[in-house]
Amino acid sequence: MSKRQTEVPYGTLDLLVLKTLETMGTMHGYAIARRIEQVCGDALQLSQGSVYPALMRLQQEGWICADWGISETNRKVKFYSLTKAGRKQLLVEVANWEKATALVARFLEESA
Amino acid sequence: MTVRRVVAGLLALMRKRRLDRELESEVLAHLELAERDAIERGASPEEARRAARRSFGGIEQMKEEHRDQRSFRWMETLLRDLRFRLASLARDPGFAAVTIGLLALGIGANTAMFSIVDAVLLKPLPFPEPERMVRVWETPPNSLPNATTTLTFLDWKRQDDIFEALSVERPIRAAMATGGDPARLSGKLVSADYFKVFGVKPRIGRTFAPEEDQPGAARVVVLSYSFWQTRYGGDPDVLKWDLALDGEPHRIIGVLPAGSFDRDEAGFWKPLIFAPDQLNRIQHVLHVVGRLRAGVSLEQARAKMNMLRASLAGVIEGKDWGFAVEPFAQRLVGDTLRRSIYLAFGGVLVVLLIACANVANLVLAKGATRRKEMALRAALGASRGRLIGQLLTESLVLCLLGGAAGVAVAYLLLDAAAPLMAASLPFTADLSLDLRVLGFAAAAVMAVLILAGLLPSLQTSFSKLSDSLNQAARGSSGSSAAVRRTIVIGEVAASVVLICGAALLFKSLANLQQVDAGVRIDHVITMSADLPSTAYPSPESAARFYEAVVQRLRAVPGVEQAGISHRLPLQGEGWGEGMSLPGVTRGFGVGLKPVDPWYFSTLQIPLVSGRGIEDRDRAGAPPVVVINQELARHLSSEFGIANPVGRTVGIDVPGYGPIPESVVNVQIVGVIRSERTGGLHRPQRRAAYMPLAQAPQQDIKLVVHTQSEPLAVVSGIREAVRQVDPNLPLGDVRTMEQVKQQSMLWAKQPTWVVGAFAGVAALLAALGLYGVLAHAVAQQRREIGIRMALGAQPGDVVAQVLRNAMTLVMAGLVLGLLGAFALTRVIKNLLFNVSPLDPLAFTVACVSIALVGLLAGFVPAKRAAGVDPVTTLRDEG
């Protein structure tokens, strides 16, 4: 839908968000963005804001849920956590990702 | 996209504002946290804020994407356009009212009309498995199917491998004591199987048990829902009551559900019991309805019935008569009704088309004034699709509002029209706004949207950008004006077709009105009575009643003359019988109408030769008959009998009660001038009149010639009848004029309906024409101002506008006449003594549309003449 290119490879942001929530438990949007930045380090150019559309999408799919809470700066924010369906989806996404990377890797090897 | 997300997206659409607010607060919290972290790392507050913003990325872009993700973009756009449109409609209530009113009228009238078409012609009958329902007849060769006899019916009924249920039906009237004057009720005599034929289960109680139509059964009756409501106030304990019919108590055993049977004339049903002395094959009085067994086809049933007919060859009276099985639905809707309904539907579709054209015109006119806005939007980068989308949304709003109002209009129209049409429609026709009808209304809205919305929006948004911007300040609006003129020409043409049709129908109706009925119409009042078998068991008792009543009636103040007949003029003869000449085997059919000695003089039917029916022609006296000129002519041309008076002929005389029909040799004693026994539009029929005393009837009509206003004498007539028989109710109180008008209903209804549609069409065409002319005048103010400044007189300006109007009207007229030439032949069967290409009717149509054109042009022309050159030129300069 959007004409802009995300800095993160297409479709991987969902996976990163899900994996973050699996490892870290309940978190708010800023913490999720920071965590992804820290884990990936310089390898990734992430606009922190782009986690919010992804969070909305995952929420609509029913993979994560959101609850209102208070941030460290005493402001109302949404805290996100993984649902049961989200855990299942994460397994699927990881499997898909591994399959895809394995495929691409083999292809590159063969062609080299 | 998963179903889950579609649902979520729809929800998000409704909670748009809240979601935006939530996102906003999340973003703020995010930035705060980022700032705090940066400050902890040692940055200054200013640097921290900038860093936080930088690492967040574009906030507005993110919000856009958020909206894209959570919902459907086009729907949000649509909703925005809708809101915009509603607001702009509210700003221009005149435009909104006119367009919505036009659409409501067009869609409403069409929806109402479709409801009639659907109920009468399209929907299956409102009974379970209606395709298994049949009527069964005896069929004389080369004639309409005929009723059957008791014994033959019983033979049919035994064919239970074909018929699951078979029943007779015969309308009756009965008197019901109500305290004051006795009431006259309509009901039906039926077999026990009757309701099985229709597959109707009672609302309360039960319907007839099989043994209840056998001799000796107790008297029972089933009521219709509406009868139960009106007479018993819907009392749930009604089964405890007896209903006294003609003085005999009948146990109420059940009440039917509301629905079709409430539209039937009958309010009660009781079993028809064949008494042993009624079992014969002579009296053809039984109409038969049946339900085929499941799996038995019409063809199989016919084949079986033909075999049965062959096996009965020895006993059947009419040697060359066959048996016929036809679908029940076949005879429900007559040819005239079918044609009238299609005609009215066609007419109303034309009205809708014209209404659409007007709306399209209005939208175009509005579009012309909005060209600048559109051009600007296009210049600012709105895509062509987006502009068309916006214009279509606007039309959609108009159409939806118009459609909703149209459904309300349809409801009101049906409510008003249903009672007027009830008598003309079959009892199975349920006029209601059901889902099918609403579906039609929705389809009409879609069609209107395409006709009145899509075309103008293409027109407006495809015109060239630069043209619009250049022209905007100046006058004419080029191609849009041409399209609008074309639309008006089409409107005029369509209304010309309708006006031609209406003019033809009105001329036909006028012709029909002028047909001489052959009887006195003014100062005549008529009533019906039915002599119950309980009080009048014998022909003699009935004859005594006729004599006593006529004597009393003539003594009523204000009554000039009074007579009794079996049937009124224009309502048929009552009996179709065979007549034969002695020594001639070949008989022929005549209408037999029993009348009393004063019938001819009361209705001023003159004698041509011989004598009329006289007081001396009583039960014991030699039987006589008076014939009409038509029959005399037939005797003369077919049998060479120049003077029929004095001749003896054989005629089948109907019986009285259980007394069967018999062939009697009667002497022709006179010839009368033909009265119209059938409808005014039908050719004269051969009719014979027997003295009522010699062929007594239970159902009779009183015909009273009064000195003054006939309705004033009604109470006197009732009193006179009450003196003879206080238990006998009188019904159908109508003047002869009303009887005549009613006989023309088949022609009047479609005529007035098409006439009304033609009027509306002309009005709408005038509106359209007015709109275009007024717009042209407004656009040409400057040109007109210059011309007037150069010396043109107001008269010249008026003439120019009217010329403009007449050009459009003439173009429409030519097209319309071509259409009318092609189309009016479809109403040929509804026309009486008028050619479908009648020049007078076409002239009337031309003149009236020209007048409409002049009227529509008059106001804009006056406005043009009032243009003040000074102001106009200064305004534009």
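Two strands count as paired here if DSSP finds at least two bridges between them. Keep that in mind as you click around this predicted model.

**Stop 1: a strand with three partners in chain B**

Start by selecting residues 662-672 of chain B, which is strand β18. Add residues 607-610 of chain B, strand β15: β15(B) and β18(B) pair in the antiparallel sense through three bridges. To find the register, pick S609(B), whose bridge partner in β18(B) is V671(B).

Now add strand β16, residues 624-628 of chain B. Which way does β16(B) run against β18(B), parallel or antiparallel? The two are parallel, joined by five bridges. Click V624(B) and look for Q667(B), its bridge partner in β18(B).

Then bring in strand β17, residues 648-653 of chain B. Six bridges tie β17(B) to β18(B), and here the strands run antiparallel. V649(B) has V666(B) as its bridge partner in β18(B).

**Stop 2: a covered strand in chain B**

Next, select residues 133-139 of chain B, strand β1. Most of β1(B) is covered, with five of its seven residues buried. Show strand β9, residues 287-292 of chain B, and you'll see an antiparallel pairing with β1(B) over four bridges. Strand β10, residues 322-327 of chain B, also pairs with β1(B) in the antiparallel sense, this time over six bridges.

V136(B) is a handy residue to label at this stop. Opposite V136(B) in β9(B) stands V288(B), while its bridge partner in β10(B) is V325(B).

**Stop 3: two crossing helices in chain B**

Select helix α6 (residues 93-122) and helix α14 (residues 384-421) of chain B. Their axes lie 6 Å apart, and the helices pack at an angle of about 45 degrees. Why call them oblique? Angles from 65 to 115 degrees count as roughly perpendicular and those under 35 as roughly parallel, so α6(B) and α14(B) come out as oblique to each other. The crossing of α6(B) past α14(B) is right-handed.

To see the contact itself, show side chains on both helices. On α6(B), the contact residues include I100(B), L103(B), G108(B) and S115(B). On α14(B), look for L398(B), G402(B), G403(B) and L413(B), among others. What classes of residue make up this contact? There are 16 nonpolar and seven polar residues, with no charged ones.

**Stop 4: where the chains meet**

Colour by chain and go to the place where chain A and chain B touch. How many residues does each chain bring to the contact? Chain B contributes 25 and chain A contributes 23. On the chain B side, the elements giving two or more residues are α1 (3-14), α2 (16-40), α3 (45-56) and α4 (59-70). If you select one of these, make it α2(B), which gives the most to this side, with ten residues. By class, the chain B side is a mix of nine nonpolar, eight polar and eight charged residues.

**Stop 5: the small sheet of chain A**

Hide chain B for a moment. In chain A, three strands form an open sheet in the order β1-β3-β2, with antiparallel pairing. The edge strands are β1 (27-28) and β2 (64-70) of chain A, each pairing on one side only. Select β2(A) together with strand β3 (residues 76-82) of chain A to see their seven bridges. W68(A) stands opposite K78(A) in β3(A).

Follow the chain into the loop between β2 and β3 of chain A and you'll come to N74(A). Its phi is near 65 degrees, a positive value in a residue other than glycine. Is N74(A) buried or exposed? N74(A) counts as exposed because it has 8 C-beta neighbours inside 10 Å.

**Stop 6: helices of chain A**

Add helix α3, residues 51-61 of chain A. α3(A) lies across β2 and β3 of chain A, running at about 120 degrees to β2(A).

Finish by selecting helix α1, residues 12-24 of chain A, which packs against α3(A) at an angle of about 75 degrees with the axes 10 Å apart. That makes α1(A) roughly perpendicular to α3(A). Residues to show are L13(A), D14(A) and V17(A) from α1(A), facing V51(A), A54(A), L55(A) and L58(A) from α3(A). Six residues of this contact are nonpolar, none is polar and one is charged.

Notes. Residues are numbered from 1 along each chain as its sequence is written. Chains are lettered from A and ligands numbered from 1 in the order in which they are written. This is a predicted model: local features need pLDDT of at least 70, side-chain atom pairs count only at pLDDT 80 or more; totals for chains, interfaces and linings use all residues. Axes are lines fitted to C-alpha atoms, for helices over the stretch in contact, and angles run from 0 to 180 degrees between N-to-C directions. Angles under 35 degrees count as roughly parallel, over 145 as roughly antiparallel, 65 to 115 as roughly perpendicular and the rest as oblique. Two residues are in contact if their C-beta atoms, placed from the backbone, lie within 7 Å. Ala, Val, Leu, Ile, Met, Phe, Trp, Tyr, Cys and Pro count as nonpolar, Asp, Glu, Lys and Arg as charged, and the others, Gly among them, as polar. A crossing is left-handed if the near helix is turned anticlockwise from the far one by less than a right angle, and right-handed if clockwise. A residue is buried if 20 or more other C-beta atoms lie within 10 Å of its own, exposed if 12 or fewer, and partly exposed in between; C-beta atoms are placed from the backbone.
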